[in-house]
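This report treats selected salt bridges, helix packing, strand pairing and backbone geometry in turn. The sequence and coordinates are shown first.

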Amino acid sequence: MAADAIDRGALSGTVPNDYLTRFERLVSDGCGVAHGVATTSGTTALALAVSALEIGPGDEVLVPALTNIATALAVVHAGATPVFVDSEPSTGNMDPAEIGRRITPRTRAVMPVHLFGHPVDMDPVVHIARERGLYVIEDAAQAQGARHRDRPVGGLGDVGCFSFYANKTITTGEGGMLVTRSGAIAERARSLRNLGYSGPDKFVHEVAGFNYRMSNLHAAIGVAQMDRLDAIVARKRAVARAYGTRLAGLPGLQLPVEHPWAFSTSWMYGVVLADGVPDRDVVRGALAAAGIETRAYFHPLHLQPVFQRRGIGDAAGTRPVAERLGRQGLYLPSSPTLSEADIDEVCRALVGAIRGA
């Protein structure tokens with residue numbers, strides 16, 4: 001498909017009714033909503049969502065304390081203030097029970113992140129948002145194909161955002177997408193994505209837009225990738241089951257869960273060491289010595305120096321669950337290409353690191 005786009009010279013992000021349109025339709029249909037707006041990355045999809053909802057200076061947006069910094073940066077770059085919500089212990093996702101105490105008169109939106117492929121419990125999130133007149137922006141960058149009570153993530157709030165970065169479930173190399181059921185939000189997002197072009201005279205600009213266009217070439221890759229989404233998710237889940245079988249009952253190790261109401265894509269297999277078990281970095285070092293690459297969990301956002309310097313961070317101890325997960329969590333290799341022998345090797349090394357340190 002990419003070769004076809006090249007052969008026809010249909011490369012830019014302004015080609016109508018071509019791979020770009022098809023890719024937007026495939027992703028939005030998968031979320032059960034009417035509109036998709038493809039972008040250059042998951043980060044710019046989040047930024048576009050914030051701008052399309054006209055969130056800006058003086059506004060606050062609730063974001064998880066434990067997630068990639070891109071979630072909060074989308075808020076900061078709009079001139080708004082991120083307010084950090086602690087995690088719930090079993091998944092690391094934003095704790096719905098913590099949302100109410102973080103809402104102020106300045107709050108405009110809640111931005112839950114479906115961390116590591118497991119959906120947030122969205123019913124209480126949406127309920128409190130509707131009750132308080134707030135937008136819901138789903139950051140589903142890590143969870144394409146996941147479902148909450150048999151409803152696809154991305155279509156559960158006002159706007160959903162996806163990433164197609166190289167390590168995501170499907171990839172266009174770089175890329176992202178905003179999806180929504182609202183025609184008005186989609187129309188504004190399309191204009192903002194394309195330098196604010198709109199109206200009968202495209203060179204008369206009413207808004208300060210961005211160049212966040214996905215190219216037709218990247219979209220062609222995305223169309224082909226969508227054919228593989230279900231198979232990739234199935235393999236990711238199989239890898240997670242294999243790890244779970246081998247590591248079940250290992251003292252001092254918290255394994256990922258899948259709640260009964262959830263369908264997780266198992267994008268990353270994250271484990272959390274209990275306090276008193278060897279230090280996370282000691283375990284990572286032992287695995288590295290065995291030739292096994294791991295990655296630490298995200299550093300909690302309220303402790304990030306960039307936010308501390310801006311006066312929007314917070315003190316250690318104020319988000320205790322996110323802090324514990326960030327201190328003790330690590331991802332094991334999670335590629336869908338892992339073999340059973342690969343998983344055996346990782347598990348042997350992990351067990352040895354925990355028991356032998």
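A residue is called buried when its relative accessible area is under 20% and exposed when that area is over 50%, with partly exposed in between. The model described here is predicted.

**Backbone outliers in loops**

Glu 54 has a relative accessible area of 54% and is therefore exposed, since the threshold for that class is over 50%. This residue is placed in the loop between H3 and strand E2 (60–64). Its phi is near 60 degrees, a positive value in a residue other than glycine. Most residues other than glycine have a negative phi. Leu 195 is a further case, with a positive phi near 65 degrees. Leu 195 belongs to the loop between H7 and H8, and with 35% relative accessibility it counts as partly exposed.

**Salt bridges**

How many salt bridges does a search of the whole structure find? The search returns 16 salt bridges. Three of the pairs are set out in the table below, with the closest N to O separation and the relative accessible area of each partner.

| Pair | N to O distance | Relative accessible areas |
|---|---|---|
| Arg 193 and Glu 24 | 2.9 Å | Arg 193: 9%; Glu 24: 9% |
| Asp 275 and Arg 327 | 3.7 Å | Asp 275: 52%; Arg 327: 42% |
| Arg 280 and Asp 281 | 3.0 Å | Arg 280: 10%; Asp 281: 46% |

The salt bridge between Arg 193 and Glu 24 has its closest N and O atoms 2.9 Å apart. This pair links distant parts of the chain, as Arg 193 is in helix H7 (residues 183–193) and Glu 24 is in helix H2 (residues 19–31), 169 residues apart. Arg 193 is buried, and Glu 24 is buried as well.

Asp 275 and Arg 327 form a salt bridge at 3.7 Å. Asp 275 lies in the loop between strand E12 (269–273) and helix H10 (280–289), while Arg 327 lies in helix H12 (residues 320–328), so the pair ties together parts that are 52 residues apart in sequence. Here Asp 275 is exposed and Arg 327 is partly exposed.

In the third tabulated pair, the side chains of Arg 280 and Asp 281 meet in a salt bridge. Arg 280 is buried, whereas Asp 281 counts as partly exposed. Elsewhere, Asp 121, Asp 123, Arg 149 and Arg 151 are joined into one network by salt bridges that share partners.

**Helix packing**

How do the axes of helix H3 (residues 42–52) and H7 cross? They come within 9 Å and cross at roughly 120 degrees, and H3 and H7 are therefore oblique to each other. The crossing of H3 past H7 is right-handed. On the H3 side the contact is made by Leu 48, Ser 51 and Ala 52, and on the H7 side by Ile 185, Arg 188, Ala 189, Leu 192 and Arg 193. Arg 193 thus takes part in this helix contact and also in the salt bridge with Glu 24.

Helix H2, which holds Glu 24, packs on helix H8 (residues 216–226) at an angle of about 40 degrees, with the axes 8 Å apart. That angle makes H2 oblique to H8. H2 passes H8 in a left-handed crossing. From H2, the residues Tyr 19, Leu 20, Arg 22, Phe 23, Leu 26 and Val 27 meet Asn 216, Ala 219, Ala 220, Gly 222, Val 223 and Met 226 of H8.

**Strand pairing**

An open sheet is formed by 3 strands in the order E7-E6-E11, with antiparallel pairing. Its edge strands are strand E7 (151–152) and strand E11 (262–263), each of which pairs on one side only. Strand E6 (residues 147–148) pairs with E11 in the antiparallel sense over 2 bridges. Within this sheet, Arg 147 stands opposite Phe 263 in E11.

**A buried position in helix H13**

Ile 343 is part of helix H13 (residues 340–356). Is this residue buried or exposed? Ile 343 is buried, with a relative accessible area of 0%. Leaving aside neighbours within four places in sequence, Ile 343 is in contact with Val 239, Ala 242, Tyr 243, Arg 246 and Leu 338. Ile 343 and Asp 150 are 193 residues apart in sequence, and their C-alpha atoms are 30 Å apart in space.

Methods
Residues numbered from 1 in each chain as written. Predicted model: local features only at pLDDT ≥ 70, side-chain atom pairs only at ≥ 80, totals over all residues. Heavy atoms only, no water. Salt bridge = Lys/Arg side-chain N within 4 Å of Asp/Glu carboxyl O. Helix = DSSP H or I, 4+ residues; strand = E, 2+ residues; numbered from the N terminus. Buried < 20%, exposed > 50% of the residue type's maximum accessible area, 1.4 Å probe, protein only. Pairing = 2+ DSSP bridges. Axes fitted to C-alpha atoms, helices over the stretch in contact; angles between N-to-C directions. Parallel < 35°, antiparallel > 145°, perpendicular 65-115°, else oblique. Left-handed = near helix turned anticlockwise from the far one by under 90°. Contact = heavy atoms within 4.5 Å.
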